[in-house]
Amino acid sequence: MAIPLHLDATDDLPRPPATDDKKLGWRALMKAIARTGQVVVTNHDEPQAVILSTQTYDAILEAQRQASA
């Protein structure tokens, strides 16, 4: 069964403050990802990367496979 794929534009993704990431660590970041499936990592409020849950990543791969078929 395919996982529904929902991706938001980077501007619409959660952006936990970098100080929270440093202060609260990986566990807090993973909780944020668990809530939405995707989180933007910023540096001085500029997007640097998007971290995806494994479910979101797998859904992207499945959508790509289906589009190629």
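A salt bridge here is a side-chain nitrogen of Lys or Arg within 4 Å of a carboxyl oxygen of Asp or Glu. Keep that cut-off handy for the last exercise, and bear in mind that the model is predicted.

**Exercise 1. Get your bearings.** Work out which secondary structure elements the protein has, in what order they run, and where confidence is lowest and highest.

*Solution.* Start with the tally: three helices and two strands. Now walk along from the N terminus, and the elements come as α-α-β-β-α. Next, check the confidence. The mean pLDDT is 76, with 65% of the residues at 70 or more. The low point is helix 1 (residues 18–24), with a mean of 62, while helix 3 (residues 54–68) comes out highest at 87. Finally, look at the overall numbers: of the 69 residues, 19% are buried. The protein exposes about 5300 Å², and carbon and sulfur atoms supply 54% of that. Among contacts with a separation of 6 or more, 47% link residues 24 or more positions apart.

**Exercise 2. Find the faces of helix 2.** Sort out which residues of helix 2 are buried, and decide how they are arranged around the axis.

*Solution.* First list the buried residues of helix 2 (residues 26–36): Leu29, Ala32 and Ile33. Then look down the helix axis: these buried residues fall within an arc of 100 degrees, so they line one face. Now turn to the other side, where Arg27, Lys31, Ala34 and Arg35 are exposed. Last, step just past the end of the helix, and you meet Gly37 with a positive phi of about 85 degrees.

**Exercise 3. Trace the hairpin.** Describe how strand 1 and strand 2 pair, and say where Val39 sits.

*Solution.* Begin with direction: strand 1 (residues 38–43) and strand 2 run antiparallel, joined by six bridges. Pick out some partners next. Asn43 is bridged to Glu46 in strand 2, and Val40 stands opposite Val50. The turn comes after that: two residues lie between the strands of this hairpin, and His44 takes a positive phi near 55 degrees. As for Val39, this residue lies in strand 1. Its relative accessible area is 1%, so Val39 is buried. From Val39 to Leu52 the C-alpha to C-alpha distance is 6.7 Å, with their positions 13 residues apart in sequence.

**Exercise 4. Place a loop residue.** Is Ser53 buried or exposed, and which residues does Ser53 touch beyond four places away in sequence?

*Solution.* Locate it first: Ser53 is in the loop between strand 2 (46–52) and helix 3. Then compare its accessibility with the cut-off: buried means under 20%, and Ser53 has 16%, so Ser53 counts as buried. Leaving out residues up to four places away, Ser53 touches Ile33 and Gly37. Link this back to Exercise 2: Ile33 is one of the buried residues of helix 2, and Gly37 comes just after that helix.

**Exercise 5. Hunt down the salt bridge.** Find which side chains meet in a salt bridge, and explain how they are spaced along the helix.

*Solution.* Side chains of opposite charge can pair when their charged atoms come close. The structure holds one salt bridge. The side chains involved are those of Glu62 and Arg65, at 3.1 Å from N to O, which fits the 4 Å limit. Now the spacing: Glu62 and Arg65 are three residues apart in helix 3, so about one helical turn separates them. To finish, check the exposure of the acid: with 26% relative accessibility, Glu62 counts as partly exposed.

Conventions. Residues are numbered from 1 along each chain as its sequence is written. This is a predicted model: local features need pLDDT of at least 70, side-chain atom pairs count only at pLDDT 80 or more; totals for chains, interfaces and linings use all residues. Side-chain values use heavy atoms; hydrogens and water are left out. Buried means under 20% relative accessible area, exposed over 50%, partly exposed in between (1.4 Å probe, protein chains only). Helices (H or I, at least four residues) and strands (E, at least two) are DSSP runs, numbered from the N terminus. The arc is that of the directions from the helix axis to the C-beta atoms. pLDDT is the predictor's confidence in each residue, from 0 to 100. Contact means heavy atoms within 4.5 Å. Accessible areas come from the Shrake-Rupley method with a 1.4 Å probe; for residues, only the protein chains shown count as cover. Two strands pair if DSSP finds at least two bridges between them.
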